[in-house]
Amino acid sequence: MSADIGAGFLGGGFMARVHSRAARAAGARLRGLASSSPDRASSAAAELDVEDAFSGVDALLADAAVDVVHVCTPNAQHADQTLAALAAGKHVVCEKPIATTSADARRLVDAQTEAGVVGAVPFVYRYHPMVREARARIARGGEAVLSIDAAYLQDWMLEQEDGNWRAGAAGGASRAFADIGSHLFDLLEFVTGERVVRLCALTRTVYDERDGRPVENEDIAAVLFQLSGGAPGTALVTQMAAGRKNGLTLEVHTGDAAYRFEQERPEDLWIGRRDGALLLPREESLLAPDAARLCRVPSGHPMGYQDAFNAFVSDAYAATTGAEPEGLPTFRDGLRAAQLTEAVVESARSGAWVATPFDA
């Protein structure tokens, strides 16, 4: 399917490694890479086994062999680089956040629509089969969602010397929520089929400086929210939870059952009922069609984060040929995340509930 697709990459860090693996798994040609400098581009292209290193963004976008541009640079660069790629007629896979403001995210949605190309954002936790199974069961059961219990816990910013560009201006007004909370809220809306209509948030920045540089966004966000069907929910998002590496959890309570997905244990879905509970394994024959299609290997052969990312990129590439894959996250979902992030920042600043009648 993707053998004729040429992939180009902006950025040469961790996410470029993940994106390039997924592009290779989808059968694309890894045409070229541009980074913060020609030297950095050369070393990253060699490390990732990409064909060519470009001198800059403009040179990569001018290459006719590049069909899809993967934007994997710091957050503050996403909007301008994506707009340039769209203007060049390229399909774009842009890391979240697609922009650091909702106004810029809206510009990207409009530009992508006008260009008539694919714009996808890797909310890849949608691509775990057991997430799709939870979504299918909630939709099929027809019972109202009663409440939500959610969290995304990491510890990579626990110490004051743990510095990162995301803590400064390049990260935007929000870090913990924009970086990982956006994943969590995308997932809970995707699984429940409902929207968050209002929220109240508390945030905390533990250190004023990290590694000798000022910190300009939060380490921790606690959010109380309400879904469109009336269900209340709680979410804790932190990058300072000792021992938690990537602890995304989502538990949805409905009128007849509860469903719990844990990203660090993605092979099972916990299903609770009043008369007991069970762990449903990732066994293709037991799953809904949309969940079964994402089972890349047989049951008993664990799947994980890179598998989910590979499935997302495969769907994004399929969309460039006119397919309409179920659940592909688009720039509209990126706009939604930007709007939610701004609501969290506003609520934390004002101490008030913020209504969220989004139009994304």
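This report walks through a predicted model, from its sheet and helices to its aromatic rings and two buried polar residues.

The model being predicted, local features need pLDDT of at least 70 and side-chain atom pairs count only at pLDDT 80 or more, while totals for chains, interfaces and linings use all residues. Residues are numbered from 1 along each chain as its sequence is written, and side-chain values use heavy atoms, with hydrogens and water left out.

## The sheet

Let's start with the strands. Helices (H or I, at least four residues) and strands (E, at least two) are DSSP runs, numbered from the N terminus. Six strands make an open sheet in the order 3-2-1-4-5-6, with parallel pairing; two strands pair if DSSP finds at least two bridges between them. The edges are held by strand 3 (52-53) and strand 6 (119-120), each with a single partner strand, so one side of each has no neighbour in the sheet.

Strand 2 (residues 29-34) pairs in the parallel sense with strand 3 over two bridges, and leucine 33 stands opposite alanine 53 in strand 3. Strand 1 and strand 2 are also parallel, pairing over five bridges; here leucine 10 faces alanine 34 in strand 2. Strand 2 is mostly covered, with five of its six residues buried. Buried means under 20% relative accessible area, exposed means over 50%, and partly exposed lies in between (1.4 Å probe, protein chains only).

## Helices around it

Helix 4 (residues 78-87) lies across strand 1 (6-10), strand 4 (68-71) and strand 5 (91-94), and runs at about 165 degrees to strand 5. For such angles, axes are lines fitted to C-alpha atoms, for helices over the stretch in contact (heavy atoms within 4.5 Å), and the angles run from 0 to 180 degrees between N-to-C directions.

The table sets out the spans of two helices, where the expected span is 1.5 Å times one less than the number of residues.

| Helix | Residues | Expected span | Distance between end C-alpha atoms |
|---|---|---|---|
| Helix 1 (residues 14-25) | 12 residues | 16 Å | 17 Å |
| Helix 6 (residues 129-141) | 13 residues | 18 Å | 18 Å |

In helix 1, the buried residues are Met15, Ala16, Val18, His19, Ser20, Ala22 and Ala23. The buried residues of helix 1 pack against strand 1, strand 2, helix 2 (38-48), strand 4, strand 5 and helix 9 (305-319). Just after helix 1, glycine 27 has a positive phi of about 90 degrees.

Helix 6 has buried residues too, among them Pro129, Met130, Val131 and Ile138. Glycine 142 follows helix 6, and its phi is positive, near 75 degrees.

## Aromatic rings

A search of the whole structure finds seven aromatic pairs. Rings of Phe, Tyr and Trp (its six-membered ring) pair if their centres lie within 6.5 Å; planes under 30 degrees apart count as stacked, over 60 as edge-to-face and the rest as tilted. Tyrosine 127 and phenylalanine 312 have ring centres 6.1 Å apart and planes at 70 degrees, so they are an edge-to-face pair. This pair links distant parts of the chain: tyrosine 127 is in the loop between strand 6 and helix 6, and phenylalanine 312 is in helix 9, 185 residues apart. Tyrosine 127 counts as buried at 1% relative accessibility, and phenylalanine 312 is buried at 0% relative accessible area.

Phenylalanine 312 also pairs with phenylalanine 309: the ring centres are 5.9 Å apart and the planes at 90 degrees, so this pair is edge-to-face. These two phenylalanines, 309 and 312, are three residues apart in helix 9, which means a separation of about one helical turn. Phenylalanine 309 is buried, with a relative accessible area of 1%. Tyr125, Tyr127, Tyr152, Tyr305, Phe309 and Phe312 form one aromatic cluster.

## Two buried polar residues

Glutamine 154 sits in the loop between strand 7 (145-153) and helix 7 (176-192), and is buried, with a relative accessible area of 8%. The side chain of glutamine 154 makes a polar contact of 2.9 Å with that of tryptophan 156 and another of 2.8 Å with that of asparagine 246. A polar contact is a pair of N or O atoms within 3.5 Å; within protein, one must be able to donate a hydrogen and the other to accept it, and residues adjacent in sequence count only if both atoms are side-chain atoms.

Histidine 183 is in helix 7 and counts as buried at 9% relative accessibility. Not counting residues up to four places away in sequence, histidine 183 touches Lys96, Pro122, Phe123, Val124, Tyr125, Tyr152 and Leu248.
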